[in-house]
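Here is a report on one protein chain. Please have the sequence and the 3D view open as you read.

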Amino acid sequence: MVMKNVTKQIQKIPYLILLLLLSCLPTLAQNGVTVKGTVVDGNGETVIGASVVVKNNTSIGTISDIDGNFTLTVPDDKVILVVSFIGMKSQEVRITGQKILKVTLEDDSQQLEEVVVVGYGQQKKASVVCAITQTTGKVLERAAGISDIGAALTGNLPGVVTTTGTGMPGAEEPKITIRGASSWNNNEDPLVLVDGIERPMSSVDISSVQSISVLKDASATAVYGVKGANGVILVTTKRGAEGSAKIDVGFNATLKAPSKLPNKYDSYDALLFRNTAIEHELALRPDSWEYIRSQSFINNYRNQTTVEQRERYPNVDWQKALFKDNTMSYNANLNISGGTKFVKYFASADYVHEGDLFRIYDNGRDYNSGYGYDRINVRSNLDFNITKTTVLKMNLAGSNAIRKAPWSNTGNSEWQIGQQWSGAYNIAPDVFLPQYSDGSWGMYPLVSNTTNSAENISLGGTMQLTTTRINTDFTLEQDLKFITKGLSARATVSWDNIFVENNRGINDLFNSAQRKWVDPDTGQVRYEQSYDTNNGFDWTQGVNWSTSPGAVDNSQTVRNLYYQAQLNWMRSFGKHDVTAMGLFSRQENARGSVMPTYREDWAFRVTYNYADRYFIEYNGAYNGSEKFSPENRFAFFNSGAIGWMVSEEPFMKFFREKKIIDMLKVRASYGEIGSDQLGPDPFDSSRRWLYMNQWAYGGHTTMDLNHTESIYTWYRESAIGNQDIQWEVVKKLNIGVDYSLFEGVLAGSLEFFRDERSNIFVYGGDRSIPSYFGGTPPSVNKGKIRTNGYELELRVNKTFGNDWRVWGNFSMTHTKNKVLVKDDQAMRPAYQKAAGFGVGQYTSYIDAGYIQNYDQLYGIPAHDANDSQKLVGDYYIVDFNGDGVVDNKDQAPYGYTSQPENTFNATIGFEWKGFSAFAQFYGVNNVTRDVGLTSFGSKLNTVFDTGTWWSKKYS
């Protein structure tokens, strides 16, 4: 991926101000030659604010106006004009008698990539010595139809692994890990900062993104201290530029379809397979013969022509019955940017609608259930030039999101969702129809746990969950050059508020519906509601649901306060460039009535650069967290990095002049980063106060053998604390090589990294402490994990003379972790311990193929359960520990972990005369996922196509 830092508009700001100042200078050639002209870009569009000056005499100059036109009086017609604009290659134009000029400026992609957004600042790309990957909002917008930033990152940045969640409307943000997981506590999420403030990426729409930087090694993340152990993602939003208003309008419509689902056999084939299974197992279960079906009976499930046939002999494809073939999602956005000398502005509005893939049936109750998501984001970024040295930046952003869901599942419960789509996996095709022609719902009275998923969602009621977010940032930047050259100060204060309203909609819980089953053997129809219990007449469906106006859920109200003060200094002394940064920040987060959480950070960074050839960087942070005892509350973490621009050495002159090697840089970094993340919820009281003993009130003591309770209520110790609990620590080593060859035709980087995380939290419930301890043991810092890997990136960019440009971005990331220490039971066999294997290592029984004959059947080890039920054709389960019995102790490490070891990306495209196209490929391997598919469960005819099965004729 191309590491871009900021787009043209942000880079224009200081240059446009400078050029406006130039335009105000007195013109020294009042009696010379007047030259007029127009400045356009490579697409023929006018360039506003381009600088036009006389070469070697910058006192004579002007800038192009709103139409790209300029007028300039020069001493004579022999002068040379220098026309330039930020992000474009400068042009020198000789007048030579021309009075009207047309100047075309070409994009300078190298210049656009000169600055990289780093922690609490920016650095020249050439001087960056840490592992940072960057992309732009323009690249993310390329993935048209994706409205979530996290999803758009998929395949665009090496080292970033995204795992898709449920994909439900409003829940499309994936889980992101940087260089793989390195903890078992579900706390590997990276720190996400939007304009320097910790916020979710979902709070920003893609069209408002200027750039995204991913900080991966210790040198890049150390300034964030305890928050940077899992990497940092910096999202920078767009800002205005001086000039007339620029309006951008965008609209995307996306067609979505269900992903791959397990293949199930239809009723006809499933019944044939059942007959085969009955014949094979008849010796074990002679009573199963009653389930055998004749071929003439099975034929009823094919070639059906009447409603009666379809209802008596159902043959339902539950995947098609529950899911639509496709659904639509829409995204529309409007951006306006521009500015004057006093104020620059960027304003945006973005609307997202995500459709539902669930098929909703007519429930006869005058409402439609299901899922949906609608969100509108608005943003206004303002920059006020209060004085020549003072800038006030004000960011105002808000969003209103409405998520529609069945009343029974507004909490987005995985179990509830599973009940609604379980039919795609578990309901047999021959038990019932989703809905019969008379409007009744299908049921199967012979098995109690068979759920009609179509009924479940269609009669679920509907509730709107509204989330309103308001973010405000105020930043004051002051140039302090009157104290010393290069000194500046920056102060920020931010307030975030989130309000959630729920219980608005239709509550249709516990209102009965008519259900029906047709016995395929007899044709008899059985209704669940035979008559109305109130009046004795035939049962009729009533409209008994109620409406609710909604209420604010105070337990979900969030109030965040963040403030920061920062000093920056940068100076050049000949070939020596020195920078320094110091920062103080505090953060206070509150949710509902829970006690607020607090954090305090002191951070610094110093860099040294000699002749753009040798680079040194040292940074660190002194952090405080309320999650630990006063003795362990503060800790210092630091890192260092060095870099060598090999291509600038004299012995590389030949390769530079021959345009073989444009740039070659070697860099290395090492440091320690901390983490105080105790899980995904910072307000979880069971993990927030691990250093304290906790007490509870309630319960009574049993006094005698008759279980007589004491009259006294307990005060009891509910949790045992550990005052020595402290930070997790990650030691990060990174070695990288950046290169550019053949005038930028080939470019990329190589990264080799090694992380070692120690002091990992082992919670009391996971410790190897005997049960006679008498309570849940205290949590400790005991774990250690090592992660190794590498990243490869290659960018190809070639422009041909006929306006053709072809390009490609290719990357691969390999990461593998190993648990070195965990609180494993000392006497357990090595293969049953966590140590020695990856985090989340998959375990399974090991099979040695099928049992092929009775000799094998009698020779295999005994099973601790259902040993007498073994048959030829079953799996031969290996007695892994060799104790003569197959039991749960024979589950052994198998395959990989749930996190992929390798991720691959390839993006290729071309451009020609304003037309462009691209294709992106993303893949992973060396990952194990387990989806349990059980055929004939509960004696239902659910049969999965699992690929192979044993047959006597192949034995």
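Tyr858 sits in helix 15, which covers residues 854-859. This is a predicted model. Tyr858 counts as exposed because its relative accessibility is 69%, and exposed means over 50%. Lys870 is 12 residues away from Tyr858 along the chain, and the C-alpha atoms of the two are 9.4 Å apart.

**The chain as a whole**

The protein chain contains 15 helices and 47 strands. Its C-alpha trace spans about 110 × 65 × 65 Å along the principal axes. The chain has 955 residues, and 46% of them count as buried. Consider the contacts with a sequence separation of 6 or more: 69% of them join residues 24 or more positions apart. The chain exposes about 46700 Å². Carbon and sulfur atoms supply 54% of that area.

**Salt bridges**

How many salt bridges does the structure hold? The count is 42. Three of them are set out here.

| Pair | Closest N to O distance | Separation in sequence |
|---|---|---|
| Glu791 and Arg179 | 2.8 Å | 612 residues |
| Arg365 and Asp508 | 2.8 Å | 143 residues |
| Asp823 and Lys782 | 2.9 Å | 41 residues |

Take the Glu791 pair. Glu791 forms a salt bridge with Arg179. Glu791 belongs to strand 38 (residues 780-799), while Arg179 is in the loop between strand 12 (175-178) and strand 13 (191-194). The pair links distant parts of the chain. Are these two residues buried or exposed? Glu791 has a relative accessible area of 2%, so it is buried. Arg179 is at 3%, so it also counts as buried. The cut-off for buried is under 20%.

Glu791 and Arg179 are also part of a salt-bridge network. Its other members are Lys216, Lys665, Arg667, Asp738 and Glu751.

Next, the side chains of Arg365 and Asp508 meet in a salt bridge. Arg365 lies in the loop between strand 19 (343-354) and strand 20 (372-385), and Asp508 lies in the loop between strand 24 (487-507) and strand 25 (515-518), so the pair ties together parts 143 residues apart in sequence. Arg365 is buried, at 1% relative accessibility. Asp508 is buried as well, with a relative accessible area of 2%.

Last, the side chains of Asp823 and Lys782 meet in a salt bridge. Asp823 is in the loop between strand 39 (804-821) and strand 40 (843-844), and Lys782 is in strand 38. Asp823 is buried, with a relative accessible area of 8%. Lys782 is partly exposed, because its relative accessible area is 39%, which falls between the 20% and 50% cut-offs.

**Cavities**

The model has 6 cavities of 30 Å³ or more. The largest has a volume of about 100 Å³. It is lined by 15 residues. Which lie closest to its centre? They are Ile178, Gly180, Ser182, Lys732 and Asp755. Strand 12, strand 36 (728-741) and strand 37 (746-762) each give at least two residues to this lining.

**A nonpolar surface patch**

Trp602, Val606, Tyr618, Tyr622, Phe634 and Phe636 make a nonpolar surface patch of about 560 Å². Strand 30 (597-610), strand 31 (614-625) and strand 32 (634-645) each give two or more residues to the patch. Phe634 is found in strand 32. Phe634 counts as partly exposed because its relative accessibility is 36%. Patch residues need over 30% relative accessible area.

**Two buried polar residues**

Asn333 is in strand 18 (residues 327-339). Asn333 counts as buried, at 14% relative accessibility. Leaving out residues up to four places away in sequence, Asn333 touches Ser207, Asp248, Val249, Gly250, Ala349 and Asp350.

Thr62 is in strand 3 (residues 57-63). With a relative accessible area of 17%, Thr62 is buried. What does Thr62 touch, not counting residues up to four places away in sequence? Its contacts are Ala50, Ser51, Val52, Phe70, Thr71 and Leu72.

Technical notes: Residues are numbered from 1 along each chain as its sequence is written. This is a predicted model: local features need pLDDT of at least 70, side-chain atom pairs count only at pLDDT 80 or more; totals for chains, interfaces and linings use all residues. Side-chain values use heavy atoms; hydrogens and water are left out. Patches are made of residues with over 30% relative accessible area and no salt bridge: like charges are joined within 9 Å, nonpolar side chains (Val, Leu, Ile, Met, Phe, Trp, Tyr) within 5 Å. Accessible areas come from the Shrake-Rupley method with a 1.4 Å probe; for residues, only the protein chains shown count as cover. A salt bridge is a side-chain nitrogen of Lys or Arg within 4 Å of a carboxyl oxygen of Asp or Glu. Helices (H or I, at least four residues) and strands (E, at least two) are DSSP runs, numbered from the N terminus. Buried means under 20% relative accessible area, exposed over 50%, partly exposed in between (1.4 Å probe, protein chains only). Contact means heavy atoms within 4.5 Å. On a 1 Å grid over the protein atoms alone, a cavity is a set of points where a 1.4 Å probe fits but cannot get out, and a pocket is an open set with protein on both sides within 12 Å along at least five of seven lines; lining residues have an atom within 4 Å of a point. Grid points are joined across faces, edges and corners, and a volume is the space filled by probe spheres set on the points.
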